[in-house]
Structures are given as structure tokens and as C-alpha cells.
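Q: Could you take a close look at one part of this structure for me? I'd like to start from a charged side chain and a ring, then work outwards.

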Amino acid sequence: MTTSGEIYYETAPPGTQLGGYQMMVRGDILRGKFWESLSEPKPIKPDTSTLFEFILQDIFHQFKASHRIMVHIQSTWFPFADRNPGKFMDIYKAKDTDFEKTVQRVFHSVENQSYLVMPVWK
């Protein structure tokens, strides 16, 4: 960081500005079948709105006035995590023929609002 507030990536040559730079500040995995309980997996009903309460551990990251937040919701994080077969089953016993396409929907209607809660420290 310079005194003018410009941010430089540590390995970029001196004087290089990285406009549009993206950095993951927190990432985690919650398999959908554990949406109600980590000890009792349960399938998700297709084409219905399902409440997911997902808490990421705090990392005390400082977002500045011009920063933006991006949230990814996806069915797989391969190759960082094992592949998701896209159906309710023991993934460790999945065969190639078990894998199927999945669709995720983020609702934004009055009845089904999606939101992100972030505590703010002053």
C-alpha cells in the first residue's frame, strides 16, 4: 500500500496498479445435504426454495470504500475438493455414471430473499 492509497500486489513490479484485481478473502464448503444438520444428511428438494444458513469464521478483513464483495454459489469446487455427483448419495462410492448436471438458484423475491450478513467494526 502506498501513502496515496493505491494497492499493489506483493509480487507485481513496483509501480504496477492492479485494476479489477480479485482476491479470495474467505472460502469454505458446505455440502448441500448437510443444510439442516452436519450429523444427519438430507436431500434437497429440487425446484424449491431452501434456507441455507452458512457461517464463515471471521478473518477481520478490512474492506475499503471502493472495494466490492463477490459471493460464489456453486455445485463444485473441483479440484480443490472432491467432485460433487449432483445427487444424494455417498460421494466416495460414486461411479462416473452417477455424476449429473445440477442447477443452483439464488432467489431475490419478497418471499424468498437472499442476503449476506456482515458485522462491521468501527
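A: Let's start with Arg83, which lies over the face of Phe99, at 3.8 Å from the ring centre. Keep in mind that this is a predicted model, so everything below is computed from it.

Right beside Phe99 in the sequence you'll find Glu100, which takes part in a salt bridge with Lys87. The closest N and O atoms of that pair are 3.8 Å apart. Glu100 and Lys87 don't act as an isolated pair, though: salt bridges with shared partners link Lys87, Asp98 and Glu100 into one network. Both ends of the Lys87 to Glu100 bridge see some solvent-accessible surface: Glu100 is partly exposed at 46% relative accessibility, and Lys87 is partly exposed at 33%.

How many salt bridges are there in the structure? There are five. One of them pairs the side chains of Glu36 and Lys42, with N to O at 2.9 Å. Here Glu36 counts as exposed because its relative accessibility is 53%, over the 50% cut-off, while Lys42 is partly exposed at 34%. Another joins Asp47 and Arg105 through their side chains, at 3.3 Å from N to O.

Asp47 deserves a second look. Its relative accessibility is 66%, so Asp47 counts as exposed. Asp47 also has a phi near 60 degrees, a positive value in a residue that isn't glycine. For background, most residues other than glycine have a negative phi, and most peptide bonds are trans. The backbone has a cis peptide bond to show you too: it joins Phe78 and Pro79, with omega at about 10 degrees.

Back to the rings. Searching the whole structure turns up two aromatic pairs. In one of them, Trp35 and Phe52 have ring centres 6.3 Å apart and planes at 40 degrees, so this pair is tilted. Phe52 itself is partly exposed, with a relative accessible area of 38%.

Next, Ile29, which brings in another Phe and another Trp. Setting aside neighbours within four places in sequence, Ile29 is in contact with Phe54, Trp77 and Ala81. Ile29 and Leu56 are 27 residues apart along the chain, and their C-alpha atoms are separated by 9.6 Å. With a relative accessible area of 40%, Ile29 is partly exposed.

There is also a nonpolar patch on the surface, of about 640 Å². Phe63, Ile69, Val71, Ile73, Val106, Leu116 and Met118 make it up. Phe63, one of these patch residues, is partly exposed at 34% relative accessible area.

Finally, step back to the chain as a whole. What share of its 122 residues is buried? Buried residues make up 6%. The chain exposes about 11,400 Å², and carbon and sulfur atoms supply 55% of that area. If you go looking for secondary structure, the protein chain has zero helices and zero strands. As for contacts with a separation of 6 or more, 46% of them in the protein chain come from residues 24 or more positions apart.

Terms used: Residues are numbered from 1 along each chain as its sequence is written. This is a predicted model: local features need pLDDT of at least 70, side-chain atom pairs count only at pLDDT 80 or more; totals for chains, interfaces and linings use all residues. Side-chain values use heavy atoms; hydrogens and water are left out. A salt bridge is a side-chain nitrogen of Lys or Arg within 4 Å of a carboxyl oxygen of Asp or Glu. Buried means under 20% relative accessible area, exposed over 50%, partly exposed in between (1.4 Å probe, protein chains only). Helices (H or I, at least four residues) and strands (E, at least two) are DSSP runs, numbered from the N terminus. Contact means heavy atoms within 4.5 Å. Accessible areas come from the Shrake-Rupley method with a 1.4 Å probe; for residues, only the protein chains shown count as cover. Patches are made of residues with over 30% relative accessible area and no salt bridge: like charges are joined within 9 Å, nonpolar side chains (Val, Leu, Ile, Met, Phe, Trp, Tyr) within 5 Å. Rings of Phe, Tyr and Trp (its six-membered ring) pair if their centres lie within 6.5 Å; planes under 30 degrees apart count as stacked, over 60 as edge-to-face and the rest as tilted. A charge sits over a ring if NZ of Lys or CZ of Arg is within 6 Å of the ring centre and within 35 degrees of the ring normal.
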